[in-house]
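Trainee: Could we go through this structure together, asking how each label is earned?
Mentor: Gladly; let us open it first.

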Amino acid sequence: YFEMRPILAKYQAQFPGAVRMVTKDYPLQQECNSSITQPYHTAACEAAVAIRLARRNGKGDSLEEYFCRNQSTLSPASVRNAAFVIGGVQDFDLQYPRTVGEVKADVGLARLLGVSSTPTFFINGVRAGSAYPQTIDMAIAYELKKAGKIK
């Protein structure tokens with residue numbers, strides 16, 4: 001997360017509108033991802049929902065950054081609290097059932113694409129796997145060159 005942000009910012013500044021990142025959820029928690037057989041992140045489903053809800057308030061990036069910085073200490077209760085305090089989410093419990101359905105839809109797409117871990121990157125539809133940031137940087141540059149943006 002923290003290594004990818006500067007790479008994206010660089011290309012967005014150099015080539016406005018040419019590069020965008022689309023994220024999909026693949027929480028490592030069995031509650032919303034039946035592919036998970038062992039408990040990894042006990043609050044992953046809540047965190048995915050919280051970020052989606054915070055995005056509606058324009059605060060998704062702040063909440064996502066908080067979760068990344070505090071991943072090892074997250075619990076369902078702390079996620080709900082951060083959603084309220086940082087994300088401005090007033091109705092988490094009310095919105096949870098519908099929004100977790102959206103998260104599960106992302107998990108279904110991931111299964112169709114053969115994703116089994118996070119992060120997994122695709123660049124212009126080509127799977128780049130869990131590549132190193134430098135590899136992602138080079139792949140973006142390559143795609144921009146193919147598109148005639150870089151000479």
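**Labels and the values behind them**

Mentor: Let us begin at Pro 119, which sits in the loop between α5 and β1 (121–123). Keep in mind that this is a predicted model.

Trainee: What makes the peptide bond that joins Thr 118 and Pro 119 cis?
Mentor: Omega is about 0 degrees there, as a cis peptide bond has. Most peptide bonds are trans.

Trainee: What is notable about phi of Asn 124?
Mentor: Phi is near 50 degrees, a positive value, and Asn 124 is a residue other than glycine. Most residues other than glycine have a negative phi. Asn 124 lies in the loop between β1 and β2 (126–129).

Trainee: Why is Asn 124 called exposed?
Mentor: Exposed means over 50% relative accessible area. Asn 124 has 63%, so the label holds. Val 126, in strand β2, has 51% and therefore counts as exposed too.

Trainee: Then why does Leu 109 count as only partly exposed?
Mentor: Partly exposed lies between the 20% and 50% limits. Leu 109 is at 34% relative accessibility, so that is its class. Leu 109 belongs to helix α5 (residues 92–112), and with Leu 112, Leu 113 and Phe 122 makes a nonpolar surface patch of about 380 Å².

Trainee: How do you know that the length of helix α2 (residues 44–55) agrees with what a helix should span?
Mentor: Its twelve residues, at 1.5 Å a residue, should span 16 Å, and the end C-alpha atoms are 17 Å apart, which agrees.

Trainee: What makes α2 largely enclosed by the rest of the structure?
Mentor: Eleven of its twelve residues are buried, so that description follows. Among the buried ones are Cys 45, Glu 46, Val 49, Ile 51 and Leu 53. Their cover includes α3 (60–69), α4 (76–85) and α5.

Trainee: How do you know that Cys 32 and Cys 45 form a disulfide?
Mentor: The cut-off for the two sulfur atoms is 2.5 Å, and theirs are 2.0 Å apart, so the pair qualifies. The angle about the S-S bond is -95 degrees, and the link is left-handed. Cys 32 is in the loop between α1 (4–14) and α2, while Cys 45 is in helix α2, so the pair ties together parts 13 residues apart in sequence. Both cysteines are buried.

Trainee: And where does that leave Cys 68?
Mentor: Cys 68 is in no disulfide: the nearest cysteine sulfur, that of Cys 32, is 16 Å away. With a relative accessible area of 29%, Cys 68 is partly exposed.

Trainee: Why is the contact of Glu 46 and Arg 80 called a salt bridge?
Mentor: A side-chain nitrogen of Arg must be within 4 Å of a carboxyl oxygen of Glu. The N to O distance is given as 4.0 Å, and the pair is counted as a salt bridge. This pair links distant parts of the chain, helix α2 and helix α4, 34 residues apart. Glu 46 is buried because its relative accessible area is 7%, whereas Arg 80 is partly exposed at 29%.

Trainee: Which salt bridges does Glu 102 make?
Mentor: One is with Arg 56, at 3.7 Å, and another is with Arg 98, at 2.7 Å. Arg 56 lies in the loop between α2 and α3 and Glu 102 in helix α5, so their pair ties together parts 46 residues apart in sequence. Glu 102 and Arg 98 are four residues apart in helix α5, which means about one helical turn. These residues belong to a network of salt bridges that also links Asp 25, Arg 52 and Asp 106.

Note on methods:
Residues numbered from 1 in each chain as written. Predicted model: local features only at pLDDT ≥ 70, side-chain atom pairs only at ≥ 80, totals over all residues. Heavy atoms only, no water. Patch = residues over 30% accessible without salt bridge, like charges linked within 9 Å, V, L, I, M, F, W, Y side chains within 5 Å. Areas by Shrake-Rupley, 256 points an atom, 1.4 Å probe, with all protein chains shown as cover. Helix = DSSP H or I, 4+ residues; strand = E, 2+ residues; numbered from the N terminus. Buried < 20%, exposed > 50% of the residue type's maximum accessible area, 1.4 Å probe, protein only. Expected span 1.5 Å × (residues − 1). Contact = heavy atoms within 4.5 Å.
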